[in-house]
Amino acid sequence: MHQDQGLTKKEAAERLKRYGRNEINDISKATPFKILARQIEKNFIIYLLGAAMLISFFAGKSITAYTILAIIFMVIFTGFIQEYRSEKAIGALKSMLVPVSIVIRNGKEQEIPSVQIVPGDILLLRNGEKIPADGLLLDEKELRVNESALTGEAKEVGKKKSSEKKYADENMVFMGTYIVNGRCRAKVMHTGMNTKFGKIARLISSTEKELPLQKKVNRIAKYMVVLAIIISVLTGLIMISRSTALDEEAILEVLILVIALAVSAFPEGFPVALITTLAAGAHRMARKNAIVNRMSIIETLGETTVVCADKTGTITKGEMTVRRVFANNAVYDVTGTGYEGKGEFLHRLKNIDATNHPVLRHLLHDAVLCNDSIIERTGNDQELRTIGSPTESALLVMGVKAGLFKEDIKSSRIQEIPFSSERKMMSVLCQVHGEKIVYTKGAIEYILKKCRYIQKNKAIVKLSATEKKKLLDCNKDMTRDSLRTIAFAYKKIHTFAKNHVEDDLVFLGFAGMEDPAREEVPEAISQCRSAGIKVKMITGDNKETALAIAKEIGLPGKVMEGSELDHLTDDELAKVISTFTIFARVNPEHKLRIVKALKSNGEIVTMTGDGVNDAPALKEAQVGIAMGKSGTDVSRSVADLTLKDDNFSTIVSAIREGRTIFKNIRKFSTYQLSCNLAELSILFVGVLLSPFWGWQIPLLLALQILFMNLVTDNLPAITLGLNPSSDDAMREPPRKNSEILNKNLLLLLIFTGSLLAIMVLSSYYVTFNILGMSQEYARTVALFTLIGLEIVSAFNFRSFRKGVFNRNLMVNRYLVYASAISLLATVAVIYSPLNKVFETIPLNAEGLLVVAAMSLSLAVIFDLLKYLNHRKKFFDLEHM
């Protein structure tokens with residue numbers, strides 16, 4: 001194997017088999033055993049049920065004890081399945097973004113999945129890339145690396161090639177660190193768990209992070225369990241005080257009921273419903289090309305008040321195409337679109353051979369050689385495959401249209417000064433046909449400052465101030481047409497002096513390229529406007545280009561340039577920032593200041609970024625969004641969300657999903673707590689009324705309560721978290737730091753729980769006191785009625801505004817399936833031999849009519865109340 005040729009395909013395959021995939025085993029990954037242990041450790045219901053089971057054994061009620069044991073297993077199994085599926089779902093989402101690396105194999109540069117890197121591979125690494133393996137430097141240019149992932153220190157570390165056979169850390173690059181400046185070639189020494197990063201991973205484990213939503217849910221659960229215990233104890237004391245024969249068995253019966261009652265009122269299904277709702281939302285977002293990196297931001301997304309979006313690649317397509325070239329005081333049009341080699345150079349509408357025009361030919365050499373991108377023929381007509389930045393790829397495609405490929409030029413790169421956002425230019429020193437030539441490209445304002453001469457035909461003349469003004473005016477003409485410009489210059493040298501290599505350059509000309517706005521962006525911006533979300537466009541381009549794109553997408557507003565921003569203090573910027581919509585000629589430091597200024601005004605900021613220097617702004621924003629296609633590994637690692645398609649409309653879809661998820665959490669929370677409140681009220685009020693109407697207490701037995709708790713509470717609550725987005729989700733103002741239960745929802749919860757309790761108590765009264773049925777029959781009717789009411793209530797909670805009858809049942813098909821399972825299970829415990837275990841009696845037509853009448857009445861009451869509330873606005877549920 002020759003060092004410059006890299007591994008052969010066969011060698012790479014053999015080493016992959018020998019060393020395994022280049023990946024770090026996730027020490028903190030939730031294995032099935034860990035999930036099972038977590039379910040047993042954290043689920044308070046299991047301990048209460050265990051206590052009820054032991055008491056049942058001591059009381060000689062073995063059937064009840066074994067049934068409770070079965071329910072314990074079902075509770076653990078249900079929680080395990082839900083959490084395991086959620087863990088798998090999150091893992092699958094993360095795997096959708098497969099990191100890739102460029103290696104040399106068989107003497108050619110190839111892009112491969114990073115997990116397929118093997119020892120011996122030669123890596124090509126550039127500014128902003130995450131290093132995928134431990135490697136020994138073969139050569140480097142101005143290389144600086146951020147090794148904070150290993151050392152904890154954010155200071156950049158310089159790296160250099162070893163001049164001896166021995167090497168130290170300064171001659172190595174390490175997995176998990178980032179290149180913040182320069183480029184290099186490195187030979188892979190270690191992969192996966194054998195890297196320095198892998199060895200550290202063996203020694204660490206991470207604890208689970210609690211989501212902000214989880215804290216809100218836990219706070220509700222604490223209040224509910226306190227209420228449940230108080231009412232349960234009161235119910236037990238009342239039962240004991242009224243008992244005529246206070247023997248051991250009676251006391252045990254009361255204890256079992258009290259524990260079962262406490263269990264039924266405790267919202268143990270909350271965590272499962274929450275993680276299921278978040279995982280389902282993350283899946284929906286992934287289908288729309290938004291990959292969630294941190295589940296905790298889904299809630300924050302829905303609170304977004306300002307979106308700061310990069311113009312290039314997010315608002316626009318990110319596929320640059322050179323349209324015009326200015327050289328030798330002439331403008332040349334370039335035909336063709338995208339990354340295809342089809343196209344011609346035109347001068348005054350006549351086709352020309354670009355290589356026959358000296359200045360234009362020299363400019364094309366500059367564009368191709370001062371370039372880090374790669375293009376390959378795909379074999380499909382003249383379609384080209386590009387690796388690298390869109391701007392540099394467009395320049396290479398321009399060269400192809402003139403018949404000029406980088407590999408056709410007999411040249412070698414000797415030195416380079418990489419592009420940086422501060423300098424806004426890049427230079428390379430090349431050996432071309434025996435001559436040493438410096439080629440430079442960059443923003444025209446910066447290039448002209450470095451130029452002393454200009455080339456006209458074959459002559460090099462001094463560049464006057466008048467000429468510079470003329471060039472800038474020509475540049476403005478292009479930018480007014482929404483073209484982004486990049487200028488070119490060169491000079492021949494005999495000795496390389498880094499500090500002066502970019503001085504006294506010869507100006508060649510500039511190219512104008514366009515990156516058209518995405519067709520769907522105007523509609524997405526309109527949706528943001530309707531949703532009360534402000535959109536701010538940020539670009540490194542000049543003011544004219546920014547205004548042209550803003551006009552195209554329907555984004556009116558004032559423009560602030562980076563130079564103006566530099567003259568403002570942070571306080572001054574915060575005062576005026578709301579009056580500006582477009583920020584031009586902005587660098588990453590400006591982005592950070594913009595985010596901080598917006599946050600100081602109380603805004604919830606969603607910020608996009610793709611470069612290594614965008615990382616601070618992405619971390620500062622409440623929601624940082626990285627680009628999946630054009631973004632660097634650094635930006636993706638710190639971002640909360642990654643866009644697979646780099647599309648602005650995907651951000652809007654993600655915000656819509658964030659709003660929908662929070663609404664769904666409110667729905668299943670209010671629903672489940674109202675059911676818990678109803679069960680508590682039925683038993684407590686039943687105990688109070690029993691002496692007056694001759695009712696046998698308890699109205700519902702412990703096993704019946706446990707059955708409802710498992711089947712009719714949790715399943716519909718989980719499926720309510722899967723409600724689809726409403727049509728008007730993006731036609732309401734953003735919420736800010738909202739609690740799950742506000743005043744209106746708390747009143748709705750109490751009203752619904754009380755109504756359910758009244759209707760169940762009424763069904764018991766009608767059956768026992770009016771129809772004269774037995775206590776067992778009346779209890780069965782009450783049980784079936786409560787189950788029916790809870791199912792109807794679940795359908796009611798699909799929407800806080802729309803009725804049960806005027807909505808398609810299949811709007812949430814999962815709720816239909818859950819309801820069917822609940823009804824089938826209820827039929828089984830009433831009409832099958834299971835009725836002996838649950839102490840129920842098969843119902844006749846009269847009993848079923850009571851159940852149906854109550855359930856139907858509840859649906860009618862809910863729809864009527866929603867209609868009246870819509871007309872009179874008793875409660876503000878319009879935006880919930």
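Angles under 35 degrees count as roughly parallel, over 145 as roughly antiparallel, 65 to 115 as roughly perpendicular, and whatever is left is called oblique. Keep that in mind for the two helix pairs below. The model here is a predicted one, and this briefing looks at one kinked helix, H24, plus the H23/H25 and H12/H13 crossings.

**Helix H24**

- H24 covers residues 702-720, which is 19 residues.
- At 1.5 Å a residue you'd expect a span of 27 Å, and the end C-alpha atoms sit 26 Å apart, so the two agree.
- H24 does have a kink, though: about 30 degrees, centred on Met708.
- As for surroundings, H24 is mostly covered, with 18 of its 19 residues buried.

**H23 against H25**

- H23 takes in residues 648-693 and H25 residues 743-770; their axes come within 7 Å.
- The crossing angle is roughly 40 degrees, and because oblique takes in what falls outside the parallel, antiparallel and perpendicular ranges, H23 and H25 are oblique to each other.
- In handedness, the H23/H25 crossing is right-handed.
- Sorting the residues of the H23 contact with H25 gives 16 nonpolar, 7 polar and 1 charged.

**H12 against H13**

- H12 (residues 358-369) and H13 (residues 390-401) have axes that come within 8 Å.
- Their axes cross at roughly 135 degrees, so H12 and H13 also land in the oblique class.
- This crossing of H12 and H13 is left-handed, whereas that of H23 and H25 is right-handed.

Notes. Residues are numbered from 1 along each chain as its sequence is written. This is a predicted model: local features need pLDDT of at least 70, side-chain atom pairs count only at pLDDT 80 or more; totals for chains, interfaces and linings use all residues. Side-chain values use heavy atoms; hydrogens and water are left out. Helices (H or I, at least four residues) and strands (E, at least two) are DSSP runs, numbered from the N terminus. The expected span of a helix is 1.5 Å times one less than its number of residues. The bend at a residue is the angle between axes fitted to the seven residues ending there and the seven starting there. Buried means under 20% relative accessible area, exposed over 50%, partly exposed in between (1.4 Å probe, protein chains only). Axes are lines fitted to C-alpha atoms, for helices over the stretch in contact, and angles run from 0 to 180 degrees between N-to-C directions. A crossing is left-handed if the near helix is turned anticlockwise from the far one by less than a right angle, and right-handed if clockwise. Ala, Val, Leu, Ile, Met, Phe, Trp, Tyr, Cys and Pro count as nonpolar, Asp, Glu, Lys and Arg as charged, and the others, Gly among them, as polar.
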